[in-house]
Amino acid sequence: MYQEMNLDNINLNLEPPIEEPARQYYFMAKCREWVWDFEQKNGRSPKACVVNMGCQMNAKDSEKLTGILSQIGYEKAPDEHADFVIYNTCTVRENANLKVYGHLGLLKHEKKTNPHMRIALCGCMMQEPEVVEKLKKSYPFVNLIFGTHNIYKFAELLANSLESERMVIDIWKDTDRIVEELPTERKYPFKSGVNIMFGCNNFCSYCIVPYVRGRERSRRPEDIIREVRQLASDGVSEIMLLGQNVNSYGKTLEHPMTFAQLLKEMEKIEGIRRIRFMTSHPKDLSDELIRVMKESNKICRHLHLPLQSGSTNILKAMNRKYTKEQYLDLAGKIRQEIPDISLTTDIIVGFPGETEADFEETLDVVRKVRYDNAYTFIYSKRTGTPAASMENQVPEAEVKVHFDRLLKEVQTIAREQAARFSGTVQEVLVEERNEHDSRLLTGRMSNNLLVHFPGDPSLIGKLLLVKLEECKGFYYMGTIS
Ligand code: 5AD
Ligand code: SF4
């Protein structure tokens with residue numbers, strides 16, 4: 001286990017080991033020498049800031065980067081006024097990319113005032129060759145660029161970069177490798193994401209993820225169980241199992257296993273009180289999973305089930321592999337079996353070829369399923385995906401009108417859905433002090449709704465019963481029961 005790997009015992013006069021993760025610990029020790037040298041010269045520790053710009057997988061990767069930086073001896077900086085800034089990028093929609101260029105523009109000036117400053121870029125956006133070309137040409141002050149497949153090599157790449165004045169770039173096209181046992185630093189002491197698989201094989205026609213995250217690979221159940229046991233013994237009570245399509249977990253393992261079976265293994269782990277997961281693809285959601293969820297008192301009453309579109313024609317063009325009716329049947333079955341479940345979704349508006357009638361089908365599904373929450377997105381053209389070269393792109397003005405109509409509808413329904421728990425007592429995991437009123441704490445219910453209630457900060461991290469007094473739209477005010 002990495003906790004037992006002591007950097008002091010590593011002999012830097014020897015060649016770096018070939019095997020992983022030992023090789024990375026060698027480079028962590030090497031970077032630590034650089035940090036000591038920095039401290040001698042400057043009378044302070046170097047400060048680093050990891051900026052997470054994407055989804056939960058991205059956030060989990062950022063925790064790994066932070067864990068390595070802590071081992072090396074970097075201090076954490078609260079913002080980008082730091083000696084080392086790492087942008088962990090996303091590229092699922094174009095505006096994610098634009099945001100990165102905007103940040104880099106600002107850092108260019110910051111770098112002039114801080115001669116120590118180094119900048120690294122990693123994550124999904126770096127897997128796009130055009131992006132790297134643009135960075136080389138227009139942003140030469142960036143020190144280090146790496147991708148999603150070699151993030152485990154961060155220590156080694158940083159060591160190379162610290163020794164070089166030139167831009168260090170290392171991007172792999174794909175990998176079948178999963179390196180275990182590297183350090184990580186969790187954001188919350190009481191809850192944690194756990195990767196169960198990487199990559200995606202679905203190739204939805206609008207989506208860039210399969211190109212930037214590579215083919216689907218599942219972690220071995222014994223590695224996941226070991227990690228979760230360790231988390232439980234560190235005081236974690238809630239885990240979120242992470243994957244692009246958790247319902248196809250285990251298909252590529254040497255000894256195949258279903259996601260529902262993995263959940264049952266997770267349930268057995270003492271100390272873990274709540275289990276969440278993200279994301280489910282409707283085409284792979286099994287009756288076995290519904291049954292396991294229904295019978296469980298640890299699996300949270302929340303299912304994120306991306307719809308993307310309610311029109312069977314558009315779903316076909318999206319390569320989603322289900323029809324409107326199949327989706328409605330599935331959602332109906334879940335609501336019937338687990339009535340108190342919260343169903344949430346993702347919807348894209350303005351996919352190429354989407355007509356008024358197609359959009360009405362989406363609204364129809366929204367009204368029938370009555371989502372507890374829905375994330376709505378305007379279709380964004382991603383280079384290299386099949387949808388980007390479809391001819392019938394929808395004019396922006398039309399998309400905007402549909403988007404606003406959809407948003408209004410999902411918000412009205414979500415408010416009504418949230419209110420259905422008024423007056424009940426719910427178990428919540430206390431997550432933090434309320435941002436706006438420090439006398440209040442914020443807790444998360446099993447169904448993912450938030451409730452704010454008066455309480456002492458010593459309760460943070462605990463599971464408590466809270467009475468839901470007043471629904472304020474998408475959240476509640478309550479009192480400890
Ligand atoms: N345009 C708009 N939204 C997209 N998503 C993925 N790709 C695109 C795209 N090209 C949305 C999907 C997915 C969520 C994570 O992001 O709804 O479920
Ligand atoms: Fe993208 Fe579809 Fe894979 Fe989700 S399932 S990551 S939307 S390709």
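Which residue stands opposite Leu441 in strand 17? It is Phe453, and the views below show where this pair sits, along with a small sheet and two ligand sites. This is a predicted model, in which local features need pLDDT of at least 70 and side-chain atom pairs count only at pLDDT 80 or more, while totals for chains, interfaces and linings use all residues. Residues are numbered from 1 along each chain as its sequence is written, ligands are numbered from 1 in the order in which they are written, and side-chain values use heavy atoms, with hydrogens and water left out.

**View 1. A hairpin made of strands 16 and 17.** Strands here are DSSP runs of E with at least two residues, numbered from the N terminus, and two of them pair if DSSP finds at least two bridges between them. Strand 16 (residues 440-445) and strand 17 (residues 450-454) run antiparallel, joined by 5 bridges. Between them lie 4 residues, and Asn448 in the turn has a positive phi of about 80 degrees. Strand 17 also has 3 bridges to strand 19 (residues 475-480), this time parallel; look for Leu450 opposite Tyr475.

**View 2. An open sheet of 3 strands.** Follow the order 12-13-14, with parallel pairing. Strand 12 (302-304) and strand 14 (373-378) are the edges, each pairing on one side only. Neighbouring strands are turned by 15 degrees against each other on average, direction ignored (axes are lines fitted to C-alpha atoms, and angles in general run from 0 to 180 degrees between N-to-C directions). Strand 12 is joined to strand 13 (residues 342-349) by 3 bridges, and His304 has Thr344 as its bridge partner.

**View 3. The surroundings of ligand 1.** A residue belongs to this shell if one of its heavy atoms lies within 4 Å of the ligand; Val92, Gln308 and Phe377 are among them. Three polar contacts (pairs of N or O atoms within 3.5 Å) are worth finding. A polar side-chain atom of Arg93 lies 2.8 Å from an oxygen atom of the ligand, a backbone N or O atom of Tyr206 is 3.0 Å from a nitrogen atom of ligand 1, and a side-chain N or O atom of Asp346 is 2.6 Å from a ligand oxygen. The protein covers 85% of the 410 Å² of accessible area that ligand 1 has on its own (Shrake-Rupley method, 1.4 Å probe). Strand 13 and strand 14 each give two or more residues to this shell.

**View 4. The surroundings of ligand 2.** Around this ligand you can find residues including Cys200, Cys204, Cys207, His281 and Arg320.

Notes: Polar contact = N/O pair within 3.5 Å; in protein donor to acceptor, adjacent residues only side chain to side chain.
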